[in-house]
Number of protein chains: 2
Amino acid sequence: MPSRRELNKAATRQAITDAALALLRSNGPGNFTVEDIADAAGISRRTFFNYFSSTEAAIAAVTFGFLDTALQQFRLRPAGEPFLESARAALVELADPMTVAPLAELYSLGQTNPQLSRSELEAWDHCTVEIITAARERLREGVELDELYLRALAGSVISCGKAAMDVWFLRCGGSLTPESLSTLRQLLIDSMGLLGSGFARPDAAPSTTQATIPADNSTATPPPDRH
Amino acid sequence: MPSRRELNKAATRQAITDAALALLRSNGPGNFTVEDIADAAGISRRTFFNYFSSTEAAIAAVTFGFLDTALQQFRLRPAGEPFLESARAALVELADPMTVAPLAELYSLGQTNPQLSRSELEAWDHCTVEIITAARERLREGVELDELYLRALAGSVISCGKAAMDVWFLRCGGSLTPESLSTLRQLLIDSMGLLGSGFARPDAAPSTTQATIPADNSTATPPPDRH
DNA sequence: CTAAAACTTGCCCTGAGTGCAAACATGCAC
DNA sequence: GTGCATGTTTGCACTCAGGGCAAGTTTTAG
């Protein structure tokens, strides 16, 4: 049961990120100060720094939240399941309007601003570290556990997830329509498929993914114009 | 032929990064100011900012140089060669004392300091972008070119290279002895092998790498204690 | 109710980063 | 060489980030 103190802190924290995001939307990145955020959140400048070490950190909290959702999903998967299958399932869960919306917004803002994209980078890296931990627990069963295998796999999974999101933004511009989300879901599935097949050249077998991972293809996009 | 102006600029640039690195070594990260760097490099504080936008950027130039070497190596590979083979070859070229030394030093300093590791992150990301470009040129031959394939592959290659270096630092602490470099070389080869095999569980075939990529195993480490 | 603990705030300081304009160096034409 | 156009360095002044400190305020525990 959360005490009064904890509730207050959580509320303040939320007020700060909300204010920061609102300013980001209205003024554009880099066009507001910590003082602006503090004023909007109804606290003092000094208090802001009790919660976040920088504007960047306040905004990055959003991305962290998104990626933490992914990690939670991953941990929920049965331990016996193949790693890539768990990763695929966890990633597909992210293609949900409520979950992906904040990230989509940040992403489009980040396109024009280097400061933002750097903090997103950091969030993805943090996620890699977390998934290495999760994977270590998962694979510990198999006695001797190769550190390189662990790290290379975790890093690649995150890279592929990131690549899928990048391509999605490229194609759909972060739109949240059902078709767009369906595309995202398929991209995430495909990227895991590529990873699992060792990036066999696509000319050999055009859609290996469909064969190896028969996921919810009911809503899948018809092969979109891969230009 | 470089003009006097260009020579001066290059020299100043070099003086700045040298000074920054020296201060990093002597004072530790975060314990010196831009003014300190400028003084040591014999320029004014203001001029420093004409060259680099921050201390971080000045130091990141080193990592960028390292990764640019890798990219150069990649571009030198014959266009017909399989992508992963080119990547492997390019990465192995990095396991050279002169090339890897600055990165090893930065890495060990970065372990204790978040500011540093973040700029290294940025450099790796920049490298991913570059390798996507290089790969796009390479694969353009194969007419229709899947953006997801491209990005997922490039991202994974970089992730695996990074993982190999991470494990190397973990095992060898950035030592530059021939044995250590040989370990690094083997780790890089192994990580590309894992990627190429779709991360087939190692318990199935303990050392797939050796079979698929018969590289210069003459100097390779005997299977080190993979704890 | 009271005292300790946790949190907020204002004050003040160092240092990052940038616009501006004056001084300075270089390149080029004659 | 002289003179001029162009590029580079520097000092100055300003805004804002970030954080130490101590005094004030709220919450919790007894």
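**Exercise 1. Work out which part of DNA strand C faces the protein, and who sits around this strand.**

Start with the atoms of DNA strand C within 4 Å of the protein: 59% of them are sugar or phosphate, and the rest belong to bases. Next, go through the neighbours, where "near" means that a residue has a heavy atom within 4 Å of the molecule or strand. There are 19 residues around DNA strand C, and those that come nearest are A:Thr47, A:Tyr51, B:Val34, B:Arg45 and B:Arg46. Finally, sort the residues of this surface by type: 4 are nonpolar, 8 polar and 7 charged. Here Ala, Val, Leu, Ile, Met, Phe, Trp, Tyr, Cys and Pro count as nonpolar, Asp, Glu, Lys and Arg as charged, and the others, Gly among them, as polar.

A quick note on the setup: this is a predicted model, where local features need pLDDT of at least 70 and side-chain atom pairs count only at pLDDT 80 or more, while totals for chains, interfaces and linings use all residues. Residues are numbered from 1 along each chain as its sequence is written, chains are lettered from A and ligands numbered from 1 in the order in which they are written, and side-chain values use heavy atoms, with hydrogens and water left out.

**Exercise 2. Find polar contacts to DNA strand C, then the elements behind its surface.**

A polar contact to DNA is a pair of N or O atoms within 3.5 Å. Try the backbone first: an N or O atom of A:Ser44 is 3.2 Å from a phosphate oxygen of strand C, and B:Ser53 also has a backbone N or O atom 3.2 Å from a phosphate oxygen of this strand. Then take a side chain: an N or O atom of A:Arg5 lies 3.3 Å from a sugar or linking oxygen. As for elements, α1 and α3 of chain A together with α1 and α3 of chain B give two or more residues to the surface near strand C. These helices are DSSP runs (H or I, at least four residues), numbered from the N terminus. The largest share, 4 residues, comes from α3(A).

**Exercise 3. Repeat the job for DNA strand D.**

Step one: 19 residues surround strand D, and the closest are A:Arg4, A:Arg45, A:Arg46, B:Thr47 and B:Tyr51. Step two: look for backbone atoms at phosphate oxygens of strand D. A:Arg4 places a backbone N or O atom 2.7 Å from one, a polar backbone atom of A:Val34 is 3.1 Å from one, and B:Ser44 has a backbone N or O atom at 3.1 Å. Step three: on this strand, α3(B) supplies the largest share of the surface, 4 residues.

Notes:
A polar contact is a pair of N or O atoms within 3.5 Å; within protein, one must be able to donate a hydrogen and the other to accept it, and residues adjacent in sequence count only if both atoms are side-chain atoms.
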